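Me: I would like to go through this model with you, from overall burial down to single residues. Short answers, please.

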Amino acid sequence: MCVIERFYNSLARYSTQDLGYNNNYIKKWGESVKEFTESSLKKFNGKDDKSVYIAYKGKVYDATGSKLWKTGTHMNTHISGRDLTAEISAAPHNESMLERLSVIGTYREDPQDERVPTWLNNILEAHPTLKRHPHPISVHLPLAFMMGSSLFALIFLFFGHKSFESTSFYLFTAGLISTIPAIFTGLFTWWLNYKLSPSIHIKLKIIFTILVDLDALILLYMRLNNPSILSSIHTTPHTSTYIYLILILLLTPLTTVIGYNGGELAFPTKK
Ligand code: HEM
Ligand code: HEM
């Protein structure tokens, strides 16, 4: 290190400490600020390359040495190699925590994806929540309705009260209807954020979505044709009664597979 370099570095440290500034922003001699984009930052997620970088409000921070980021994921939730600006609201601390890390570059989103028409791009720029949030929001309804349907069928078996059987019927009907927005938003987020990449998780999700809707359609047909199909279990059960019951109970594992594979896409657990 030459004399001028040492002088520059000590001056930078002295002046920033003295003025109470965060000296992260002062580059050391010979260092250049790197420019990252969404795609070039992605690999710094603590996995193949061990570096852990996070973007926050246009700056890239190096969290490689931090114990709290050493797996590449902070608090089991926040994945590095991404822009986490929108996620700070979920944290119990404020952005001052980032001052513990050094700034190593700047961050900007990738230039406009040419697949996205301008009118849609304008809407997404004005309302960034529409980029990723509609699918996770809309999937709660089919998940809850389908699982609720299995649950109420079981409650009916134990307590025998007809209203529990009706609830189970209403729930899978509502579940069937609510898969429509889930499917549209799922296809949209797959197109927008995953460029229709055909991963195993997507394939399983699509297959199991078709299966769960087929299951619910068959149930609807059976129940509309014979309203006492399940309630006859306590009096004169037929083979169709048991088929109906099995199909209702199947709704839970089928939707679980869809949800699990969705979670694997959004928050991968693989090392
Ligand atoms: C579920 C949300 C989150 C939880 C529960 C959480 C929790 C914590 C806790 C308990 C600490 C240690 C605080 C201390 O030492 O006093 C911490 C540190 C930190 N958090 Fe978070 N956090 C969350 C989200 C975030 C997000 C979204 C960011 C980035 C934008 C972030 C950046 C940091 C940084 C940079 C540190 C300091 C790391 C270090 O000292 O090595 N956190 N967080
Ligand atoms: C065939 C239609 C579907 C496609 C193409 C699809 C696609 C996707 C994609 C790409 C993701 C990742 C989203 C992200 O990273 O932000 C995802 C997540 C998810 N999907 Fe789907 N999906 C479909 C149907 C469904 C249905 C019907 C359900 C519920 C019954 C569902 C439940 C979930 C869940 C729980 C997640 C995790 C959400 C999160 O925590 O961010 N998906 N899906």
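Me: What percentage of the residues in the protein is buried?
Reply: This is a predicted model. A residue is buried if 20 or more other C-beta atoms lie within 10 Å of its own. The protein has 271 residues, and the buried ones make up 23%.

Me: How many helices and strands does the protein have, and what share of contacts between residues at least 6 apart joins residues at least 24 apart?
Reply: The secondary structure comes to 9 helices and 6 strands. Among contacts between residues at least 6 apart in sequence, the share joining residues at least 24 apart is 69%.

Me: Which residues touch the most other members of the largest nonpolar core, and which helix gives the largest share?
Reply: The largest nonpolar core has 21 residues, and F172, I248 and L251 touch the most other members. Helix 6, helix 7, helix 8 and helix 9 each give two or more residues to this core. The largest share, 6 residues, comes from helix 9.

Me: Which residues of another core can be named?
Reply: Apart from the largest core lies another, of 13 residues. Among its members are F44, Y53, I54 and A55.

Me: Which residues are in contact with F172, beyond its neighbours within four places in sequence?
Reply: A contact needs C-beta atoms within 7 Å. I248 and L251 are on the contact list of F172. The complete list is F145, M146, S149, A216, L219, I248 and L251.

Me: How far does helix 8 reach, and which residues of it are buried?
Reply: Helix 8 has 26 residues. From its first C-alpha to its last it reaches 38 Å, close to the 38 Å expected at 1.5 Å a residue. What covers its buried residues includes helix 6, helix 7 and helix 9. Those buried residues are K205, T209, V212, D215, A216, L219 and R223.

Me: Is D213 buried, exposed or partly exposed, and why?
Reply: D213 lies in helix 8. A residue with 20 or more C-beta neighbours is buried, and one with 12 or fewer is exposed. D213 has 17 inside 10 Å, so D213 counts as partly exposed.

Me: Which residues is D213 in contact with, leaving aside neighbours within four places in sequence?
Reply: D213 and T179 are 34 residues apart in sequence. In space they are 7.8 Å apart, C-alpha to C-alpha. Contact is judged on C-beta atoms, within 7 Å. On that basis D213 is in contact with L176 and T179.

Me: Which helix supplies the largest share of the shell around ligand 2, and which residues come nearest?
Reply: Helix 5, helix 6, helix 7, helix 8 and helix 9 each supply at least two residues of this shell. The largest share, 8 residues, comes from helix 7. Of the 24 residues around ligand 2, the nearest are V139, G186, G262, L265 and A266.

Me: How do the residues of the two ligand shells divide, and which come nearest ligand 1?
Reply: The shell around ligand 2 divides into 13 nonpolar, 9 polar and 2 charged residues. The shell around ligand 1 divides into 13 nonpolar, 5 polar and 2 charged. Of the 20 residues around ligand 1, the nearest are S66, L84, E87, A91 and M97.

Me: How do strand 2 and strand 3 pair, and which residue in the turn has a positive phi?
Reply: Strand 2 (53-56) and strand 3 (59-62) are antiparallel over 4 bridges. They form a hairpin with 2 residues between them. The turn residue with a positive phi, about 45°, is K57.

Me: Which residues stand opposite D62 in strand 2 and strand 6?
Reply: Strand 3 is joined to strand 6 by 4 bridges, and these two run antiparallel. The bridge partner of Y53 in strand 3 is D62. In strand 6, D62 stands opposite S102. The two residues asked for are Y53 and S102.

Definitions and conventions:
Residues are numbered from 1 along each chain as its sequence is written. Chains are lettered from A and ligands numbered from 1 in the order in which they are written. This is a predicted model: local features need pLDDT of at least 70, side-chain atom pairs count only at pLDDT 80 or more; totals for chains, interfaces and linings use all residues. A residue is near a molecule or strand if its C-beta atom, placed from the backbone, lies within 6 Å of it. Ala, Val, Leu, Ile, Met, Phe, Trp, Tyr, Cys and Pro count as nonpolar, Asp, Glu, Lys and Arg as charged, and the others, Gly among them, as polar. Two strands pair if DSSP finds at least two bridges between them. The expected span of a helix is 1.5 Å times one less than its number of residues. Two residues are in contact if their C-beta atoms, placed from the backbone, lie within 7 Å. A nonpolar core is a set of buried Ala, Val, Leu, Ile, Met, Phe, Trp, Tyr and Cys residues joined through C-beta atoms within 7 Å.
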